[in-house]
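User: I'd like a close look at a single part of this protein and how it sits with its surroundings. Could you walk me through it in one go?

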Amino acid sequence: MNKLVFSTTAVWPRTLGRLLLAVPGGYLFAYSVTAALARLLPLERVDALISATLLSFAVYTLFVLWVFARPLRRALWALPVTLALLLIGFGPHWLGGAQG
């Protein structure tokens, strides 16, 4: 005879946390990786931008898969990494030192 086991803890708060980290967090992470790569790739500006944009689709997909594959606490380290990548990609513009 099969016994059904019910968990006393709610699943929805953890799932909602993962969804919030995966969807908007993945978008922000992919966007910041794209900005950093466009700035750091040793190509012409247009070629670097196109290459970084094409890679962003794979980065976003891998980030979403990674968030659901790891425990939530271990997935949260992506937030400081995203901030660092944003500073690499947009820091010169934010600080007023960008050359056109």
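Which residues does Ala78 touch, leaving out those up to four places away in sequence?

Analyst: Leaving out residues up to four places away in sequence, Ala78 touches Phe29, Phe63 and Trp66. Keep in mind that this is a predicted model.

Two of those partners turn up again in the core. The largest nonpolar core has nine residues, and among them are Ala78, Phe29 and Phe63. The rest of that set is Leu21, Ala22, Val33, Ala36, Val67 and Leu85. Three elements each put two or more residues into this core: H1, H2 and helix H4, which covers 78-94. H1 is the top contributor, giving five residues.

So let's turn to the pairing of H1 with H2. Helix H2 spans residues 45-69, and its axis comes within 8 Å of the H1 axis, with the two crossing at roughly 155°. Since an angle over 145 degrees counts as roughly antiparallel, H1 is roughly antiparallel to H2. As for handedness, the H1 and H2 crossing is right-handed. Sort the residues of that H1 and H2 contact by class and you get 20 nonpolar, five polar and one charged.

Now for a couple of spots along H1 itself, which runs over residues 12-40. Ser32 is part of this helix, and it counts as buried because its relative accessibility is 0%, where the cut-off for buried is under 20%. Setting aside residues up to four places away in sequence, Ser32 touches Thr82, Leu85 and Leu86. Leu85 is one of the nine core residues listed above.

Pro24 is also in H1, but this one is partly exposed, at a relative accessible area of 45%. Its C-alpha atom is 9.9 Å from that of Val64, and the two residues are 40 apart along the chain.

Stepping back to the whole protein, there are four helices and zero strands, and reading along the sequence gives the pattern α-α-α-α. Of the 100 residues, 24% are buried. Sequence distance matters for reading the contacts, too: among contacts between residues at least 6 apart in sequence, 71% join residues at least 24 apart.

Note on methods. Residues numbered from 1 in each chain as written. Predicted model: local features only at pLDDT ≥ 70, side-chain atom pairs only at ≥ 80, totals over all residues. Heavy atoms only, no water. Buried < 20%, exposed > 50% of the residue type's maximum accessible area, 1.4 Å probe, protein only. Contact = heavy atoms within 4.5 Å. Axes fitted to C-alpha atoms, helices over the stretch in contact; angles between N-to-C directions. Parallel < 35°, antiparallel > 145°, perpendicular 65-115°, else oblique. Left-handed = near helix turned anticlockwise from the far one by under 90°. Nonpolar A, V, L, I, M, F, W, Y, C, P; charged D, E, K, R; others polar. Core = buried A, V, L, I, M, F, W, Y, C linked by side-chain atoms within 4.5 Å.
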